[in-house]
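Dear colleague,

I am passing on the structure we spoke about, together with some notes on what turned up in it. Please look it over first, and then read on.

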Amino acid sequence: MSSFNPLTSILNQNKLEGPNYVDWKRNLDIVLTAESYKFVITEECPEKPDEDATDDQVKAYDKWVKVDEMIRCYILASMANVLQHPHQSMGSAYDMLESLKEMFGEQNCTSKQTIMKTLLNTKMAKGSSVRDHVLKMMCLLNELEVL
């Protein structure tokens, strides 16, 4: 009997198609952070342990490799089929993410410019809620951070 995982459900409902790269990446970051997997895309893989390695070194390496494999599966499962094929043979989740970033990088540049322009030109409407204005600004800043 399979259990429902709301985190992976986020990725299933928001598959990477191309134009939605920014939203997809944000959702992936949320899932990886919640699962405590993000270290694999921010830290280098520990060296493969030799026969003199300590148990801690072996465990650290094995954990990194296992989590990297899990992230690669998350990434592949959360993208359109046409994007899966060129990425399924990549060596690491980091390589996959760099490839996707390169593919959609130009889109990111345009998106950054658009969001920055919106951010700089956003003014609080007379009579509107300060809370709503602050939330809107925070949302724009979060999008810039993702990009």
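Val 134 counts as partly exposed in this predicted model, because its relative accessibility is 40%, which lies between the 20% and 50% that bound that class. Its place is in helix H8, which covers residues 130-146, and together with Met 124, Val 130, Leu 135 and Met 138 it forms a nonpolar patch on the surface, with about 430 Å² of accessible area in total.

His 133 is also found in helix H8, but this residue is buried, since its relative accessible area is 18% and the limit for buried is under 20%. If neighbours within four places in sequence are left aside, His 133 is in contact with Thr 122, Lys 123 and Met 124, and the last of these, Met 124, belongs to the nonpolar patch as well.

Turning to charged side chains, a search of the whole structure finds 5 salt bridges. In one of them Arg 131 pairs with Asp 132, with the closest N and O atoms 3.5 Å apart; Arg 131 is exposed at 58% relative accessibility, whereas Asp 132 is partly exposed at 46%. Salt bridges that share partners also join Lys 25, Asp 29 and Lys 38 into one network. Within that network, the closest N and O atoms of Lys 38 and Asp 29 are 3.8 Å apart, and the two partners differ in their cover, as Lys 38 is partly exposed with a relative accessible area of 29%, while Asp 29 is buried with 14%.

A further salt bridge brings together the side chains of Asp 23 and Arg 26, at 3.1 Å from N to O. These two residues are separated by about one helical turn, because they stand 3 residues apart in helix H2 (residues 21-34). Asp 23 is partly exposed at 40%, and Arg 26 is likewise partly exposed, at 24%.

As for confidence, the protein averages a pLDDT of 85, and 90% of the residues score at least 70. Among its elements, helix H1 (residues 6-13) has the lowest mean pLDDT, 70, and helix H4 (residues 55-77) has the highest, 93. Where pLDDT is low, the predicted coordinates should not be read in detail.

Helix H4 has 23 residues and reaches 33 Å from its first C-alpha to its last, close to the 33 Å expected at 1.5 Å a residue. Its buried residues include Tyr 61, Trp 64, Asp 68 and Ile 71.

With best wishes

Notes: Residues are numbered from 1 along each chain as its sequence is written. This is a predicted model: local features need pLDDT of at least 70, side-chain atom pairs count only at pLDDT 80 or more; totals for chains, interfaces and linings use all residues. Side-chain values use heavy atoms; hydrogens and water are left out. Patches are made of residues with over 30% relative accessible area and no salt bridge: like charges are joined within 9 Å, nonpolar side chains (Val, Leu, Ile, Met, Phe, Trp, Tyr) within 5 Å. Accessible areas come from the Shrake-Rupley method with a 1.4 Å probe; for residues, only the protein chains shown count as cover. A salt bridge is a side-chain nitrogen of Lys or Arg within 4 Å of a carboxyl oxygen of Asp or Glu. Helices (H or I, at least four residues) and strands (E, at least two) are DSSP runs, numbered from the N terminus. Buried means under 20% relative accessible area, exposed over 50%, partly exposed in between (1.4 Å probe, protein chains only). pLDDT is the predictor's confidence in each residue, from 0 to 100. The expected span of a helix is 1.5 Å times one less than its number of residues. Contact means heavy atoms within 4.5 Å.
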